[in-house]
Amino acid sequence: MAGFRYALRDIAACLGFYTRLPLPAFEMPAHGFANAQWAAPLAGLFIGAVCSAALTGVIVLGLPATIAAAIALAAGVLLTGGLHEDGLADVADGFGGGSTREKKLAIMKDSRIGSYGVAALILSFLLRWSALVALGLAAIPALLIAHTASRALMPALMRLSPPARENGLSAGAGQPTRGTVLVALAIGGVLLLVPGPGFALIGVPLLAAALFFIKWLAEKQIGGQTGDVLGTLQQLAETVLLLACVTHFI
């Protein structure tokens with residue numbers, strides 16, 4: 001029973017962090033927020049379910065797939081507060097505009113957005129919107145898969161790459177255990193199997209490539225990962241999975 005309560009606490013912590021739901025103030029897990037990250041893909045599953053419900057509702061009303069795709073993306077942004085989109089924009093601005101590690105980190109911390117960040121967000125939304133339009137009703141399971149499996153990678157990056165800042169959000173969360181990483185990856189893997197083993201054979205290499213590309217890029221640019229880098233990984237993984245769904249379902 002105690003283990004079940006701890007699991008619920010981890011899920012609540014991840015839901016409270018990755019969404020803007022008005023949840024009550026839950027106690028932080030005793031083993032640290034990093035080790036609660038096994039539940040990050042479950043928070044992603046919830047986010048994907050909300051986005052899928054929004055898309056379904058618009059289609060049921062008889063509106064075209066172009067509008068349904070836009071509403072699904074808007075639902076995700078509203079639910080998460082654009083948390084990972086903000087990370088993507090910060091990383092694009094920092095990595096693109098900074099000439100030194102220190103300048104890159106300073107730009108990433110700046111709340112203002114620059115041309116690199118705007119371009120990254122436009123491309124991200126355009127690719128995801130295009131994929132959802134192409135998928136039509138198949139976008140319903142695709143959103144569940146993409147939101148869940150993309151967040152399953154974040155604990156792995158937290159373990160594989162050191163924090164770039166000594167006092168950043170990621171550094172404060174700590175490093176997840178190997179077990180935490182494996183559970184998160186297992187949850188994401190289960191979703192990849194939903195369309196069938198064939199899709200998993202496509203999705204796993206794509207997710208591995210996204211993970212190690214972002215790891216390599218972040219360590220080269222700023223010496224490790226930050227919360228913004230984790231958000232960038234989620235956005236890249238979500239996008240490539242939606243595009244993979246297009247090749248699989250269409």
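Reader: How much space lies in the second largest pocket?

Author: Rolling a probe the size of a water molecule over the atoms shows where empty space is left. Here, the second largest pocket holds about 290 Å³ of space. A pocket is an open set of points on a 1 Å grid over the protein atoms alone, with protein on both sides within 12 Å along at least five of seven lines; a cavity is a set where a 1.4 Å probe fits but cannot get out, and lining residues have an atom within 4 Å of a point. Volume is the space filled by probe spheres set on the points, which are joined across faces, edges and corners. Keep in mind that this is a predicted model: local features need pLDDT of at least 70 and side-chain atom pairs pLDDT 80 or more, while totals for chains, interfaces and linings use all residues. Residues are numbered from 1 along each chain as its sequence is written, and side-chain values use heavy atoms, with hydrogens and water left out.

Reader: Which residues lie nearest the centre of that second largest pocket?

Author: Look for Leu 88, Ala 120, Ser 124, Thr 232 and Leu 236, out of 15 lining residues. Helices α4 (83-97), α6 (115-135), α11 and α12 (227-249) each give at least two residues to this lining. (Helices are DSSP runs of H or I, at least four residues, and strands runs of E, at least two, numbered from the N terminus.) The lining of the second largest pocket has 11 nonpolar residues, four polar and no charged ones. Nonpolar covers Ala, Val, Leu, Ile, Met, Phe, Trp, Tyr, Cys and Pro, charged covers Asp, Glu, Lys and Arg, and the others, Gly among them, are polar.

Reader: How many cavities of 30 Å³ or more does the structure hold?

Author: Just one. The largest cavity has a volume of about 90 Å³. Of its 16 lining residues, Gly 76, Glu 85, Arg 128, His 147 and Glu 238 lie nearest the centre. Two or more residues of that lining come from each of α2 (40-60), α3 (65-80), α4, α7 (139-152) and α12, and α3 has the largest share with five. This time the lining divides into six nonpolar, six polar and four charged residues.

Reader: Arg 128 again! Which ring does Arg 128 lie over?

Author: Arg 128 sits over the face of Phe 125, 4.7 Å from the ring centre. The rule is NZ of Lys or CZ of Arg within 6 Å of the ring centre and within 35 degrees of the ring normal.

Reader: And how many aromatic pairs are there?

Author: A pair of aromatic rings is described by the distance of the centres and the angle of the planes. The search of this whole structure finds three pairs. Phe 17 and Tyr 18 are edge-to-face, 5.0 Å centre to centre with 90 degrees between the planes. (Rings of Phe, Tyr and Trp, by its six-membered ring, pair if centres lie within 6.5 Å; planes under 30 degrees apart are stacked, over 60 edge-to-face, the rest tilted.) Ring pairs also link Phe 17, Tyr 18 and Phe 33 into a cluster.

Reader: Is Tyr 18 buried or exposed?

Author: Tyr 18 is buried, at 6% relative accessibility, while Phe 17 is partly exposed at 28%. (Buried is under 20% relative accessible area, exposed over 50%, partly exposed in between, with a 1.4 Å probe and protein chains only.)
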